[in-house]
Amino acid sequence: MEPRFSFKTDYDMTTFTAMARAIRKTVGKKRSRRSHIFGAAVVVLGIAASLLWGPKPLTIAAIALIILVFIFENRINAFFAMRRMLPGMERVRSDFYEDRYISSTDIGTTEWHYDKIKHIAEDKDFFIFFFSKSHVQAYDKSRMYGGIDADFKAFIEEKTGLKVEVI
């Protein structure tokens with residue numbers, strides 16, 4: 001049987017950054033908001049302390065570090081996620097059939113069922129499937145075969161019963 005859709009995805013820094021961003025903007029939204037509020041409060045307190053008692057190198061370094069983490073948080077999360085990836089899983093081919101989809105890498109093949117997907121998101125470059133708050137898969141739109149983005153979106157919404165969240 002021929003697959004309805006196929007994707008080839010390279011799990012590189014771009015893909016992992018998109019997945020980290022998707023987690024932060026969807027299933028991790030509350031946690032991310034709390035972290036940002038806490039970080040902003042620390043920055044404000046650090047600035048206030050520097051203005052009241054004079055700048056201290058440690059305070060300035062902490063403020064700079066928090067701001068850098070805010071700016072690069074998706075890339076930082078992507079970096080650590082990439083370090084946990086098994087060798088041989090950098091390139092994935094995924095074939096979507098009516099009742100399942102199959103992902104193949106250099107180290108093996110896995111069959112997945114649509115009912116295991118908990119949430120779906122898409123950005124300009126990827127479709128992203130969520131299985132938990134930390135387990136996601138990405139599918140590169142630029143290397144999709146068998147239709148266009150809208151066709152796949154309708155297909156996956158029908159198969160999972162979930163709406164695709166645009167981020």
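**Group meeting: contacts, cores and a surface patch**

Let me begin with contacts, meaning heavy atoms within 4.5 Å: in this chain, residues 24 or more positions apart account for 60% of the contacts with a separation of 6 or more. I should say early that this is a predicted model, in which local features need pLDDT of at least 70 and side-chain atom pairs count only at pLDDT 80 or more, while totals for chains, interfaces and linings use all residues. Residues are numbered from 1 along each chain as its sequence is written, and side-chain values use heavy atoms, with hydrogens and water left out.

The secondary structure comes to 4 helices and 9 strands, taken as DSSP runs numbered from the N terminus, with helices being H or I of at least four residues and strands E of at least two. The C-alpha trace spans about 70 × 30 × 25 Å along its principal axes.

Buried residues, those under 20% relative accessible area with a 1.4 Å probe and protein chains only, make up 37% of the 167 residues. Turning to the largest nonpolar core, a set of buried Ala, Val, Leu, Ile, Met, Phe, Trp, Tyr and Cys residues joined through side-chain atoms within 4.5 Å, we find 17 residues, of which Phe7, Phe96, Tyr101, Phe129, Phe152 and Ile156 touch the most other members. Strand E1 (5-10), strand E6 (126-130) and helix H4 (149-160) each give two or more residues to this core, and the largest share, 3 residues, comes from H4.

Leaving aside neighbours within four places in sequence, Phe152 is in contact with Phe5, Phe7, Phe96, Phe127, Phe129 and Met144.

Key: Buried means under 20% relative accessible area, exposed over 50%, partly exposed in between (1.4 Å probe, protein chains only).
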